[in-house]
Amino acid sequence: MRQPSPTLPGDRLTVKTGLTALLLGVTLLLAACATGPAGVTREQPVPGVVLPLRTQGAEIVDQRGRRVMLKGVNWYGAESPDFVVGGLDRRPLAEIAGEIADAGFNVVRLPWSNEMVARNPLIAADRLAANPELQGLRALGVFDRVVEALGAEGVMVVLDNHRSRADWCCDTAHGDGLWHTAAYPEAVWLQHWRRMAVRYGHLPHVIGAELRNGIRPDPGQGLTPTWGDGALLTDWQAAAGRGGEAVLQANPNLLVIVGGIDWQNNLHGVWQHPVELSRPNRLVYAVHDYPWWRSEEERADPRLFAERSHERWGFVRDRDFPHQAPVWVSEWGGCLQPDHNGACPPTDTAYVEAFARYARDSRIDWSWQPLNGTQSSGYGRQVGAVESWGLFDPSWSRWADPDLVERLTDR
């Protein structure tokens, strides 16, 4: 496993000069030279994939037109009040990144909050206990290192604006249901997306921008999301178009990833009002899928599971659908290991088996929620407690269910 490259300037409290500055200048110069005049990178960090990615019908493909199936994990924590991905108190960053790659996962969805970008606070030392070289970095500096470490292992990254305020997600009562709040209005959301798109524009393995996670009602603002009705404060389809344009103006190589409304559980609005972008072959739709949305009959019957998936969002992939596009299940998962509540419920086990079968048969892109073996801060959370849905066990050194990981990645 290779070590991540030096941090970006301005994020360590103590600024080093001399040789460090020279090396950083060379690093940035090489990064700038990695992009050709047509925006296609010459340096390809992902084995067997010629970046950047684009869409072709219902598929995500590379520059040679070869199918790139996203098989990923969600690594949360940077969007939380800790402002840093979980696990860096348990294990070195390079080892975690290497473990992800060695298992066969090819993409990591990295959530971030607008508060993280706006405040960029110093990360608490205890959250970095296993990574002394990261001590003294602020939130964006550690985020940089995580992105770089994944790229060093040939793993792609999708940036995910998970919420506005730094916290756990998602329910209705705790707010942040829309893409804007009083503290972080749409103008700030757009500004932050431009900033993040530019920040990682020199890293070709950063392949996509999921504009917002889990759009849902926001009782604090008295607003319920809509799709395609033109209402300035609620029309997510229109806002996603504005967000997508902001991203593409800053970095035209990124995939723009847009979830539906209702906690990202369906894409019915796309029938009449697809998201429209000025740059072709960049739009990917995203959905979430969880056990509580699946009946006992669906979990037991692969044919019915596939039919219901098609009705909710799979139709977007159909060849004869007028707005055909890829669909990425950017979150799905279930209980894998016991926590303080006891053993995993049988419904979760049945669901995980059913979705794994569906993903294999349908060849759909997906990302397990979450990688984390322990909980980060946030409402309803206990720092360091077992993350029962986590692919890692609480030590962050072993898979909670190695057989499942092997089946998911076809290893």
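**A closed barrel and the helices around its strands**

In this predicted model, eight strands form a closed barrel in the order β3-β4-β5-β6-β7-β8-β9-β10, and their pairing is parallel. Ignoring direction, neighbouring strands of this sheet are turned against each other by 30° on average. Strands of a sheet pair through backbone hydrogen bonds, either parallel or antiparallel.

Strand β10, residues 365–368, is a convenient place to start. Strand β3, residues 71–74, is joined to β10 by three bridges, and the two run parallel. Within that pairing, K71 has W366 of β10 as its bridge partner. Strand β9, residues 327–332, is also joined to β10 by three bridges and runs parallel to it. Here W332 is matched with W368 of β10.

The side chains of β10 can be sorted by direction. In a regular strand the side chains alternate between the two faces of the sheet. In β10, D365 and S367 point one way, while W366 and W368 point the other way. Each of these four residues, charged or not, is buried.

Elsewhere in the barrel, strand β5 (residues 156–163) pairs with strand β6 (residues 206–210) in the parallel sense, over four bridges. One bridge partner in β6 is E210, which is matched with D160. Helix α5, residues 186–199, lies across β5 and β6 and also across β4, residues 107–113. The direction of α5 is at about 165° to β5. An angle over 145 degrees counts as roughly antiparallel, so α5 runs roughly antiparallel to β5.

Helix α2 covers residues 93–103. This helix is mostly covered, with eight of its 11 residues buried. The buried residues are L93, A94, I96, A97, G98, I100, A101 and A103. They pack against strands β3 and β4 and against helices α4 and α10, the latter being residues 402–408. E95 also belongs to α2, but its relative accessibility is 31%, so E95 counts as partly exposed. The C-alpha atom of E95 is separated by 9.8 Å from that of W396, although the two residues are 301 residues apart along the chain. Just after α2 comes G104, which takes a positive phi of about 105°.

The contact of α2 with α4 can be described further. Two packed helices are described by the angle between their axes and the distance between the axes. The axes of α2 and α4 (residues 139–152) come within 9 Å and cross at roughly 45°. The two helices are therefore oblique to each other, and their crossing is right-handed. On the α2 side the contact is made by L93, A97 and I100, and on the α4 side by R145, V146, A149 and L150. By class, six of the contact residues are nonpolar, none is polar and one is charged. The charged one is R145, because Arg counts as charged.

A second helix pair offers another geometry. Helix α8 (residues 302–312) packs on helix α9 (residues 346–362) at an angle of about 70°, with the axes 10 Å apart. This angle makes α8 roughly perpendicular to α9. From α8, the residues P302, F305, A306 and S309 meet Y351, A354, F355, R357 and Y358 of α9. The contact of α8 with α9 has seven nonpolar residues, one polar and one charged.

Definitions and conventions:
Residues are numbered from 1 along each chain as its sequence is written. This is a predicted model: local features need pLDDT of at least 70, side-chain atom pairs count only at pLDDT 80 or more; totals for chains, interfaces and linings use all residues. Side-chain values use heavy atoms; hydrogens and water are left out. Two strands pair if DSSP finds at least two bridges between them. Axes are lines fitted to C-alpha atoms, for helices over the stretch in contact, and angles run from 0 to 180 degrees between N-to-C directions. Contact means heavy atoms within 4.5 Å. Angles under 35 degrees count as roughly parallel, over 145 as roughly antiparallel, 65 to 115 as roughly perpendicular and the rest as oblique. A crossing is left-handed if the near helix is turned anticlockwise from the far one by less than a right angle, and right-handed if clockwise. Buried means under 20% relative accessible area, exposed over 50%, partly exposed in between (1.4 Å probe, protein chains only).
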